[in-house]
Amino acid sequence: AYVNGRYQDMRDASVNIEDRGYQFADGIYEVCEVRGGKLVDMPRHLARLQRSLGELRIAEPMPLSALSVVMHEVVRRNRVQFGIVYLQISRGVARRDHGFPAGSVKPSVVVTARTINPAKGAENAARGIKVITVPENRWPRVDIKSTALLPNVLAKQAAREAGAYEAWYVDSDGFVTEGSSSNAWIVTKEGRVVTRPDKSGILSGITRSVLKDALEALQIRFEERAFTPEEAAGAAEAFVTAASMIVMPVVAIDGHTIGSGKPGPVALRLREQFHRFAA
Ligand code: PDD
């Protein structure tokens, strides 16, 4: 792990108990895919990271190019070929007080990397995952990739306890926003790929933005609009996207089978083609 300037064994790595990330979840994070030892879509991840820091007025702890070097180095030291790299930046260490600390506090930086067996993802993708729906109960600033994820933790746990893999939030108007750790998509019976616009209610996913490029290049019809769980249940296909899952087919929502009950051809094709369009 990289912790505030030092590379350490994970077992020895630790942060101060008065870190605001620990006490207030006053921080932001990124998760990037590692594929063949390389970090996927770094420029977009770094741009989103910079935006998240700006929205929370957390200082950039080092230039983005240096952060990128650290992330590559943690991946290299852990010999990760396939997996993820996690980067977290908190506002820093200060005596507990809700308002920002007076004076300049150094933000804390933690980077870890972990191998994920690609066979596991392939297995899930071949079977397709189930989702449940839960009422949207998060703050309106879900566009910020904040480490304050308690509602997401509870939603994911609810999914697990229901025998599902992901939970989709449904807003007060009855529309799906996104998953607890992924963006939500459907494919209509007419073959249109649909996902919610990133103007409100969702994190602007990097996988989502790359997939939009892929859809355009592959000339697959695409609509950016909100959809309901009922529309998803009656759709031809559904899937989720995230750096940790790429394109993952969804075969059931709240116990209703979607399409054939098997991963759909569009989702599987997009999963297969994804890295052609990733940087
Ligand atoms: N989650 N929406 C939410 C709430 C997320 O947490 C994520 C990613 C996404 C997809 O974003 P991206 O395509 O940039 O990964 C959408 C990461 C993987 C996580 O928290 O582990």
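**Exercise 1. The hairpin**

In which sense do strand E8 (residues 166-170) and strand E9 (residues 176-179) pair, and over how many bridges?

Solution. Start with the source. This is a predicted model; local features need pLDDT of at least 70, side-chain atom pairs count only at pLDDT 80 or more, and totals for chains, interfaces and linings use all residues. Residues are numbered from 1 along each chain as its sequence is written.

Step 1. Set the terms. Helices (H or I, at least four residues) and strands (E, at least two) are DSSP runs, numbered from the N terminus. Two strands pair if DSSP finds at least two bridges between them.

Step 2. Read the pair. E8 and E9 are antiparallel, with two bridges. Valine 170 has valine 176 in E9 as its bridge partner.

Step 3. Inspect the turn. Five residues lie between E8 and E9 in this hairpin. Glycine 174, in the turn, has a positive phi of about 90 degrees.

**Exercise 2. The six-stranded sheet**

Give the strand order of the open sheet and explain its edges.

Solution. Step 1. Write the order. It is E2-E1-E6-E5-E3-E4, with antiparallel pairing.

Step 2. Find the edges. Strand E2 (6-7) and strand E4 (38-39) each have a single partner strand, so one side of each is left without a neighbour in the sheet.

Step 3. Count bridges along the sheet. E1 (residues 2-3) joins E6 (residues 108-115) through two bridges. Tyrosine 2 stands opposite valine 111 in E6. Eight bridges link E5 to E6. Here glycine 83 has threonine 115 in E6 as its bridge partner. E3 and E5 share nine bridges. Arginine 35 is partnered by phenylalanine 82 in E5.

Step 4. Recall the side-chain pattern. In a regular strand the side chains alternate between the two faces of the sheet.

**Exercise 3. The domain contact**

Locate the two domains and describe the side of domain 1 that touches domain 2.

Solution. Step 1. Set the bounds, which come from an automatic or database domain assignment. Domain 1 covers 2-116 and domain 2 covers 121-277.

Step 2. Place the domains. Their C-alpha centres lie 26 Å apart.

Step 3. Count the contact (C-beta atoms, placed from the backbone, within 7 Å). Domain 1 gives 20 residues and domain 2 gives 13 residues.

Step 4. Name the elements. On domain 1, strand E3 (27-35), helix H2 (42-56) and strand E5 (82-90) each give two or more residues. E3 supplies the largest share, eight residues.

Step 5. Sort by class. Ala, Val, Leu, Ile, Met, Phe, Trp, Tyr, Cys and Pro count as nonpolar, Asp, Glu, Lys and Arg as charged, and the others, Gly among them, as polar. This side of domain 1 has eight nonpolar, five polar and seven charged residues.

**Exercise 4. The ligand shell**

How many residues surround the ligand, and which are the closest?

Solution. Step 1. Apply the cut-off: a residue is near if its C-beta atom, placed from the backbone, lies within 6 Å. The count is 14 residues. The closest are Leu203, Gly205, Ile206, Thr207 and Ala243.

Step 2. Assign elements. Helix H6 (206-217) and strand E13 (237-242) each supply at least two residues of the shell. H6 gives the largest share, three residues.

Step 3. Sort by class. The shell has five nonpolar, seven polar and two charged residues.

Definitions and conventions. Contact = placed C-beta atoms within 7 Å.
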